[in-house]
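Q: Could you walk me through this structure, one feature at a time? I would like to learn how to read each one.

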Amino acid sequence: AVSIAVPALHQSELVRAALASGKHVLCEKPFGTGLKDISGLDRIARENGLTTALGYEFRYDTALREMIELVHAGRIGRVSRIDVTWLVATGLNPARTWSWRHDIDSAGGVLIDWCCHVIDYARAMTGESIRELWCSTATRVPQRPNGLGGMKPVTAPDSCDMHCVFENGAVGRFVVSNAEPAGIGHRVEVYGDKGRVRFHHAPPFTS
């Protein structure tokens, strides 16, 4: 098997090469820069009897896993809403130098780097795909030190507001930012017609 842990811009070409070599693949999210980039990879894997997996680790977090199991067991009834508020201040560190994570053309930013996790565990909770999605993004920190004494523009978003509708009619509201001075951490709330289940990983972050 091959484990691929490189920026999204280079993931699909390495996944394709690994599959062509007959290797199973574990790839860090998001697997590529978009649908066109990864088109056909799943088919290649299936036709050659190979397994592909993505590094979406949050759905295996102990607390989130318990939430998923409670929802699937019907403890809160039919899910009608999922609210996620993931606001932290780590991106405001002025010493953090520019990298591919700050470049939209390299698939950087919280929309691809963080929101994909939210979509993954929200789908795991509902058991449903997303039917519609609206999103707005912003870049609150416009430049970063380039490591050479100068500054370099940031083009990737560090804040994202997302609204979606799942196939069963449940709605999702996801607010994500790594540039929130008074961030509350990572909070997930799932509402059903019989109750609510809530997860909150508050700063300072510990296990």
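Q: Let me start with Cys135: is Cys135 buried, partly exposed or exposed?

A: In this predicted model, Cys135 is partly exposed, because its relative accessible area is 36%, which is not under the 20% used for buried residues and not over the 50% used for exposed ones.

Q: Which cysteine sulfur is closest to that of Cys135?

A: The closest one belongs to Cys160, 3.3 Å away, and that is too far for a bond. A disulfide would need the two sulfur atoms within 2.5 Å, so Cys160 is in no disulfide either. Cys160 itself is buried, at 1% relative accessibility.

Q: How many disulfides does the structure hold?

A: The count is 0.

Q: Now the rings. How do I read an aromatic pair?

A: A pair of aromatic rings is described by two things: how far apart the centres are and what angle the planes make. This structure holds 2 such pairs. In one of them, Phe58 and Trp86 meet edge-to-face, with 5.3 Å from centre to centre and 70° between the planes.

Q: Where in the chain do Phe58 and Trp86 lie?

A: Phe58 is in the loop between β3 (52-54) and α4 (62-72), while Trp86 belongs to strand β4 (residues 79-87). They are 28 residues apart, so this pair links distant parts of the chain. Phe58 counts as partly exposed, at 22% relative accessibility, whereas Trp86 is buried, with a relative accessible area of 8%.

Q: What sort of pair do Trp86 and Trp114 form?

A: Trp86 and Trp114 are stacked, with centres 4.7 Å apart and 25° between the planes. This pair also links distant parts of the chain: Trp114 sits in the loop between α5 (110-113) and α6 (115-126), 28 residues from Trp86. Both Trp86 and Trp114 are buried. Taken together, ring pairs link Phe58, Trp86 and Trp114 into a cluster.

Q: Which charged residue sits over the ring of Trp98?

A: That is Lys152, whose charged end lies 3.8 Å from the centre of the Trp98 ring.

Q: Let us turn to the sheet. What is the order of its strands?

A: A good habit is to list the strands from one edge to the other. Here the open sheet of 6 strands runs β5-β8-β9-β4-β10-β11, with mixed pairing. β5 (130-138) and β11 (195-201) stand at the edges with a single partner strand each, so one side of each has no neighbour in the sheet. On average, neighbouring strands of this sheet are turned by 10° against each other, direction ignored.

Q: How does strand β9 pair with its partners β4 and β8?

A: β9 runs parallel to β4, and 7 bridges join them. Strand β8 (residues 159-166) pairs with β9 in the antiparallel sense, over 7 bridges. You can also look for residues that face each other across strands: Trp86 stands opposite Val176 in β9, Asp83 stands opposite Arg173 in β9, and Cys164 stands opposite Gly172 in β9. The hairpin of β8 and β9 has 4 residues between the strands, and there Gly169 takes a positive phi near 95°.

Q: Why is strand β9 called largely enclosed?

A: Because 6 of the 7 residues of β9 (residues 171-177) are buried, the strand is largely enclosed by the rest of the structure.

Q: Which strands does α6 touch?

A: α6 packs on the sheet and touches β4, β5, β8, β9 and β10; its direction makes about 155° with that of β4.

Q: Is His102 buried or exposed?

A: His102 counts as buried, at 12% relative accessibility, and its place is in the loop between β4 and α5. Leaving aside neighbours within four places in sequence, its contacts include Arg96, Arg144 and Val154.

Q: Finally, the backbone. Where are the cis peptide bonds you can show me?

A: One is the bond from Lys29 to Pro30, with omega near 10°, and Pro30 is in the loop between β2 (25-27) and α2 (35-38). Another joins Pro203 and Pro204, with omega about 0°; Pro204 is in the segment after β11.

Q: What is the phi of Phe31?

A: Phi of Phe31 is near 90°, a positive value in a residue other than glycine. Phe31 lies in the loop between β2 and α2, and this residue is buried, with a relative accessible area of 11%.

How values were computed: Residues numbered from 1 in each chain as written. Predicted model: local features only at pLDDT ≥ 70, side-chain atom pairs only at ≥ 80, totals over all residues. Heavy atoms only, no water. Phe/Tyr/Trp six-rings, centres within 6.5 Å; stacked < 30°, edge-to-face > 60°. Helix = DSSP H or I, 4+ residues; strand = E, 2+ residues; numbered from the N terminus. Buried < 20%, exposed > 50% of the residue type's maximum accessible area, 1.4 Å probe, protein only. Lys NZ or Arg CZ within 6 Å of the ring centre and 35° of its normal. Pairing = 2+ DSSP bridges. Axes fitted to C-alpha atoms, helices over the stretch in contact; angles between N-to-C directions. Contact = heavy atoms within 4.5 Å.
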